[in-house]
Amino acid sequence: MNTKELVAKGLELPLMEAFYTIQGEGRFTGHPAYFIRLGGCDVGCVWCDVKESWEAGKWPVLAIEKIVEDALAYPGRLVVITGGEPLMYDLGPLTSLLKSKGFTTNIETSGAHPFSGDFDWVCFSPKKFKKPHPSIYQQADELKVVVFHQSDFAFAEEHAELVNSNCELRLQPEWSKAEKFTPVIIDFAKNHPKWKISLQTHKFMDIP
């Protein structure tokens, strides 16, 4: 098979970067985690802080065996697959290999493509810029909505109606708007206690 065919089957993937750090957001805040950031995204968030990830062709295409081998060099066994938009690819082979090596697998996704992979935790962060694929709603363990505009509260509630009843609901201020929206989010959560607050704690710690 050529590279294009291997990528289509999820046996090779474009890797923008991979690094061992502390998860800064959501349910697993504070946990040591190995991040696998795949290249390629067609969602186009205007406030994205990794826009360099959007063009998949800029990044080396690696065999999933190499990606997992590099992850095994670190002591933590929590891996977070992110992007870009990781569900642009078939994540079944990568997650299967990771789990066979003892990893707990998490994903952070906009849900804009059909769901694939074997994950222990699915963080679904929908974006207004591209409608989520219907397959994400029953898979989501955590709904994390980034608040950039006042209308994002209504957007969050719309998606909260579609996820399963066990899904954790979180609101997170977009970093550049945090000073403006953090107090608003606090008030909203106090008045709508099904919602929790997520902060980008890795930015306060000045780590990746």
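Mentor: A nonpolar core is a set of buried Ala, Val, Leu, Ile, Met, Phe, Trp, Tyr and Cys residues joined through side-chain atoms within 4.5 Å. Keep that in mind while reading this structure, which is a predicted model.

Trainee: Which residues have the most contacts inside the largest nonpolar core?

Mentor: The core in question has 42 residues. Apart from it lies another core, of seven residues, which includes Ala 33, Phe 35, Leu 78 and Trp 121. Within the largest core, the residues with the most contacts are Ile 36, Leu 91 and Leu 171.

Trainee: In what order do the strands of the open sheet run?

Mentor: The sheet has nine strands, and their pairing is mixed. Strand S3 (61–63) and strand S9 (195–197) each have a single partner strand, so one side of each is left without a neighbour in the sheet. From one strand to the next, the twist averages 30°. Read across, the order is S3-S1-S2-S4-S5-S6-S7-S8-S9.

Trainee: Which residue in S4 stands opposite Ile 36?

Mentor: Strand S2 covers residues 32–38 and strand S4 covers residues 78–82. The two pair in the parallel sense over four bridges. Arg 37 faces Thr 82 in S4, while the residue opposite Ile 36 is Ile 81.

Trainee: What is the bridge partner of Val 80 in S5?

Mentor: S4 also pairs with S5, in the parallel sense and over four bridges. Val 80 points one way from S4 along with Leu 78 and Thr 82. In S5, the partner of Val 80 is Asn 106.

Trainee: How many of the residues of S4 are buried?

Mentor: Take the two faces in turn. Leu 78, Val 80 and Thr 82 point one way, Val 79 and Ile 81 point the other way, and all are buried. The count for S4 is therefore five of its five residues, with buried meaning under 20% relative accessible area.

Trainee: What angle does the direction of helix H3 make with that of S4?

Mentor: Helix H3 (residues 92–100) packs on the sheet. It touches S1, S2, S4 and strand S5 (104–109). Helix H2 (residues 64–71) lies across strand S1 (12–22), S2 and S3, at about 80° to S3. For H3 and S4, the angle is about 170°.

Trainee: Is Cys 41 buried or exposed?

Mentor: Cys 41 lies in the loop between S2 and S3. Beyond four places in sequence, Cys 41 touches Ser 53, Trp 54, Gly 84, Glu 85 and Met 88. Its relative accessibility is 18%, so Cys 41 counts as buried.

Trainee: Which residues does UniProt place under the feature "binding site"?

Mentor: The UniProt entry is unreviewed. The residues it names take part in the lining of the largest pocket, and one of them, Cys 48, is found in the loop between S2 and S3. The record lists Cys 41, Cys 45 and Cys 48.

Trainee: How far apart are the C-alpha atoms of Lys 190 and Leu 171?

Mentor: Lys 190 lies in helix H5 (residues 178–191). Lys 190 has 64% relative accessibility, so it counts as exposed. Leu 171 has contacts that include Val 145, Phe 153, Ile 185, Phe 188 and Trp 195. The two residues are 19 apart along the chain, and their C-alpha atoms are separated by 12 Å.

Trainee: Which residues does the annotation "domain: Radical SAM core" cover?

Mentor: This too comes from the unreviewed UniProt entry. Over that stretch the chain is 25% helix and 22% strand, and the end C-alpha atoms are 15 Å apart. The annotation covers residues 28–208.

Note on methods:
Residues numbered from 1 in each chain as written. Predicted model: local features only at pLDDT ≥ 70, side-chain atom pairs only at ≥ 80, totals over all residues. Heavy atoms only, no water. UniProt positions renumbered as here; feature names shortened; annotations may be inferred. Pairing = 2+ DSSP bridges. Axes fitted to C-alpha atoms, helices over the stretch in contact; angles between N-to-C directions. Contact = heavy atoms within 4.5 Å. Buried < 20%, exposed > 50% of the residue type's maximum accessible area, 1.4 Å probe, protein only. 1 Å grid on protein atoms, 1.4 Å probe; cavity = no way out; pocket = protein on both sides within 12 Å on 5 of 7 lines; lining within 4 Å.
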